[in-house]
Amino acid sequence: MVQKLSADDRAALMAELPEWENVEGRDAIQKTFEFSDFNEAFGFMTRVALLADKIDHHPEWFNVYNKVEVLLSTHDADGVTERDATMARAMEDYAG
């Protein structure tokens with residue numbers, strides 16, 4: 001079973017990813033990505049979807065035109081785990 005990040009690991013993750021925020025009232029992290037247009041946003045989502053299927057860890061997200069709102073939390077652990085950290089790092093890389 002996957003385990004939540006320790007407080008120290010969570011703090012290190014948030015320091016590493018300063019544009020991500022903790023979600024109030026839920027053990028999750030979130031970020032809104034903004035792209036130049038819908039095509040770029042959809043391309044980002046496609047890349048993330050391929051990774052999500054590969055690692056069997058899927059984000060909660062919402063897209064309107066050039067914005068993609070992402071929330072990450074591992075449901076099996078009821079909180080943020082290394083899976084979420086992996087996904088957030090990949091998203092940062094994909095968003096360029």
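User: Which residue in β4 stands opposite T32?

Analyst: In this predicted model, T32 stands opposite E69 of β4. E69 is, in addition, the bridge partner of F62, while V70 in β4 is the bridge partner of W61.

User: How do you know that β2 and β4 count as paired strands, and in which sense do they run?

Analyst: The rule asks for at least two bridges between the strands. Six bridges join β2 (residues 29–34) to β4, so the pair meets that rule, and the two strands run antiparallel.

User: What supports the pairing of β3 with β4, and what is said of the hairpin they form?

Analyst: Strand β3 (residues 60–64) is joined to strand β4 (residues 67–72) by five bridges, again in the antiparallel sense, and because two bridges would be enough, this too is a pair. Two residues lie between the strands of this hairpin, in which Y65 takes a positive phi near 50 degrees.

User: How many bridges link β1 to β2, and what does that make of them?

Analyst: There are two bridges, in the antiparallel sense, and since the rule is at least two, β1 and β2 therefore still count as paired. N22 stands opposite I29 of β2.

User: What makes β1 and β3 the edge strands, and what is the strand order?

Analyst: The four strands form an open sheet in the order β1-β2-β4-β3, with antiparallel pairing. Both β1 (21–22) and β3 pair on one side only, and that is what being an edge strand refers to here.

User: Why is L13 called buried or exposed, and where does L13 lie?

Analyst: L13 has a place in helix α1. Its relative accessibility is 2%, and because buried means under 20%, L13 is classed as buried. Setting aside residues up to four places away in sequence, L13 touches L5, I29, V80, A85 and R89. The C-alpha atoms of L13 and E82 are 9.5 Å apart in space, although 69 residues separate them in sequence.

User: Which residues have the most contacts inside the largest nonpolar core, and which elements build that core?

Analyst: This core has 23 residues, and those with the most contacts inside it are W20, I29, F44, L72 and M91. Two or more residues come from each of α1 (7–16), β2, α2 (38–55), β4 and α3 (82–95), with α2 giving the largest share, six residues. Beyond its neighbours within four places in sequence, W20 has contacts that include I29, L72 and M91, as well as M14, F33 and A88. As a general matter, nonpolar side chains in soluble globular proteins tend to be buried together.

User: Why are α2 and α3 described as they are, roughly parallel or roughly antiparallel?

Analyst: Their axes cross at roughly 150 degrees and come within 10 Å. Angles over 145 degrees count as roughly antiparallel, so α2 and α3 are roughly antiparallel to each other. The contact involves F44, R47, V48, L51, A52 and I55 on the α2 side, and T86, M87, A90, M91, Y94 and A95 on the α3 side. As for handedness, the crossing is right-handed.

How values were computed
Residues numbered from 1 in each chain as written. Predicted model: local features only at pLDDT ≥ 70, side-chain atom pairs only at ≥ 80, totals over all residues. Heavy atoms only, no water. Core = buried A, V, L, I, M, F, W, Y, C linked by side-chain atoms within 4.5 Å. Buried < 20%, exposed > 50% of the residue type's maximum accessible area, 1.4 Å probe, protein only. Contact = heavy atoms within 4.5 Å. Axes fitted to C-alpha atoms, helices over the stretch in contact; angles between N-to-C directions. Parallel < 35°, antiparallel > 145°, perpendicular 65-115°, else oblique. Left-handed = near helix turned anticlockwise from the far one by under 90°.
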